[in-house]
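Reader: Please take one helix of this model and describe it closely, together with whatever lies around it. I would like the cut-offs behind each term stated as they arise.

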Amino acid sequence: MAEVRARAPGKIILSGEHAVVHGSTAVAAAIDLFTHVSFRLDPPVPPGNGDGSLGLELKDLGLAFFWSPSRLKEGLGDAVTVPSTPVSCSPERIKLIAALVEEQDIPEAKIWLSSGISAFIHLYTAIHGCKAGKVVISSDLPLGSGLGSSASFCVALAASFLALSDAITIDKSQGGWLRLCENELQLVNRWAFEGEKIIHGKPSGIDNTVSAFGNMIQFRLGELIHIESSAPLRMLITNTKVGRNTKALVAGVSERASRHPDAMAAVFTAVNSISKELSTIIQSPALDDISVTAREEKIEELMEMNQGLLQCMGVSHASIETVLRVTMKYKLTSKLTGAGGGGCVLTLLPTLLSSAITDKVVAELESSGFQCLKVEVGGEGLQICFS
């Protein structure tokens with residue numbers, strides 16, 4: 001009974017959110033918070049003993065869902081699986097999958113899970129057909145807070161399903177966490193993007209690409225460049241726990257741009273310059289404490305400027321401003337990440353910052369009801385492991 005585990009990281013936008021929609025450059029990076037998937041395929045059940053089940057366990061939420069292979073066949077038909085060729089989920093198939101999800105009696109308060117479960121069913125049945133198996137998922141990432149939790153979910157699922165198919169070949173004798181080669185990562189990424197489309201409709205593909213490949217990427221209107229940080233970068237992520245409507249925030253920026261075209265064009269141009277400079281600084285060598293500190297000070301200045309421009313776009317929020325005030329008291333620099341209007345805030349933690357100060361900042365932010373997560377930025381992408 002083969003079993004595989006996969007872990008795929010979340011992401012942050014270091015600069016360029018919102019402006020990227022209007023043609024500016026943005027920079028995104030992987031963080032060391034992961035979605036974890038374990039998957040096993042069950043052996044065929046002897047005749048007369050039923051046909052087993054496909055189980056999905058969401059560990060963090062204490063929920064489990066089951067479908068019999070015969071029910072999956074009845075609901076979706078006996079699909080031909082070609083794991084090496086990612087398949088889009090057609091509107092007709094979406095409806096058939098929705099019927100399978102609705103049968104599961106998802107609690108009303110968790111109904112938002114439906115799209116993720118639909119993505120799971122599509123990826124599983126498109127790669128493995130209607131076989132019996134068991135999938136267990138847990139995550140270090142707060143859900144729906146702009147840290148790429150759905151993309152890391154899709155990347156980890158696609159990788160674990162493909163690892164037990166004949167689409168990718170992995171030397172299982174090595175043991176420990178393994179990286180895939182470039183072509184195999186591309187295949188996982190393309191499958192994950194199909195899952196993201198079910199969850200988000202029209203995703204950019206940035207989140208799943210960062211999750212699959214790790215490190216950092218610089219992107220602008222479909223043009224994507226992989227970049228690597230020359231030195232470790234640590235951030236404090238503060239989750240304000242304030243939900244927001246991403247579509248409404250994006251629309252608000254566009255409306256402001258149509259009301260003030262010249263002023264907003266200047267804002268977007270400035271953001272583009274910040275992202276490009278940030279990308280250069282991140283890749284420039286930092287050989288000693290002095291150059292590391294100088295590098296971090298430049299990054300802080302660019303973050304501060306980017307935050308000011310995001311305020312110009314109208315996407316800040318009282319909860320974000322609270323985080324900015326608290327961190328400024330300790331001479332630390334913060335900016336919102338993602339859509340804004342709540343969500344998460346990044347604070348650079350300089351290399352020479354004492355842990356005592358970090359602890360004070362965290363204590364003060366958590367006393368306001370926020371959640372704090374310390375992360376390394378620009379690390380490993382997808383990894384898999386065989387049990």
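Author: The account below starts with the chosen helix, moves on to the pocket and the cores, and ends with the strands.

The model is predicted, so local features are reported at pLDDT of at least 70 and side-chain atom pairs at pLDDT 80 or more, while totals for chains, interfaces and linings use all residues. Residues are numbered from 1 along each chain as its sequence is written, and side-chain values rest on heavy atoms, with hydrogens and water left out.

The helix chosen is H9, which covers residues 289-313 and has 25 residues. Helices here are DSSP runs of H or I with at least four residues, strands are runs of E with at least two, and both are numbered from the N terminus. From first C-alpha to last, H9 reaches 36 Å, close to the 36 Å expected at 1.5 Å a residue; the expected span is 1.5 Å times one less than the number of residues.

Which residues of H9 are buried? They are Val292, Arg295, Glu296, Ile299, Glu300, Leu302, Met303, Asn306, Gln307, Leu309, Leu310 and Met313. Buried denotes a relative accessible area under 20%, exposed over 50% and partly exposed in between, with a 1.4 Å probe and protein chains only.

Just after H9, glycine 314 adopts a positive phi of about 85°. Glycine 314 and arginine 256 are 58 residues apart in sequence, with their C-alpha atoms 8.3 Å apart in space. Arginine 256 belongs to helix H7 and counts as partly exposed, at 28% relative accessibility. The loop between strand S8 (233-239) and H7 (246-259) holds lysine 241. Lysine 241 has a positive phi of about 65° although it is not a glycine, and it is exposed at a relative accessible area of 56%.

H9 also borders a pocket. Six residues, the largest share of the lining of the second largest pocket, come from H9, and H9 and helix H10 (318-329) each supply at least two lining residues. A pocket is sought on a 1 Å grid over the protein atoms alone: it is an open set of points with protein on both sides within 12 Å along at least five of seven lines, in contrast to a cavity, where a 1.4 Å probe fits but cannot get out, and lining residues have an atom within 4 Å of a point. The volume of this second largest pocket is about 220 Å³, where grid points are joined across faces, edges and corners and the volume is the space filled by probe spheres set on the points. Of its 13 lining residues, Glu304, Met328, Leu332, Thr333 and Ser334 lie nearest the centre. The lining has 3 nonpolar, 6 polar and 4 charged residues; Ala, Val, Leu, Ile, Met, Phe, Trp, Tyr, Cys and Pro count as nonpolar, Asp, Glu, Lys and Arg as charged, and the others, Gly among them, as polar.

Tyrosine 330 lies in the loop between H10 and strand S9 (334-337). At 24% relative accessibility, tyrosine 330 is partly exposed. Its C-alpha is separated by 44 Å from that of phenylalanine 120, 210 residues away along the chain.

Phenylalanine 120 leads to the cores. Along with Trp67, Leu382 and Ile384, Phe120 is among the residues with the most contacts inside the largest nonpolar core, which has 57 residues. Helix H4 (residues 149-163) gives the most to this core, with 10 residues. A second, separate core of 54 residues includes Leu309, as well as Leu147, Val271 and Ala339. A nonpolar core is a set of buried Ala, Val, Leu, Ile, Met, Phe, Trp, Tyr and Cys residues joined through side-chain atoms within 4.5 Å. Leu309 is also one of the buried residues of H9.

The strands complete the account. In strand S1 (residues 3-15), 10 of the 13 residues are buried. S1 pairs with strand S2 (residues 26-41) in the antiparallel sense over 11 bridges; two strands pair if DSSP finds at least two bridges between them. Isoleucine 13 has alanine 28 in S2 as its bridge partner. S1 also runs antiparallel to strand S12 (residues 383-386), joined by 4 bridges, with arginine 7 partnered by glutamine 383. S2 in turn pairs with strand S6, antiparallel over 4 bridges. Because 4 of the 5 residues of S6 (residues 216-220) are buried, S6 is largely enclosed by the rest of the structure.
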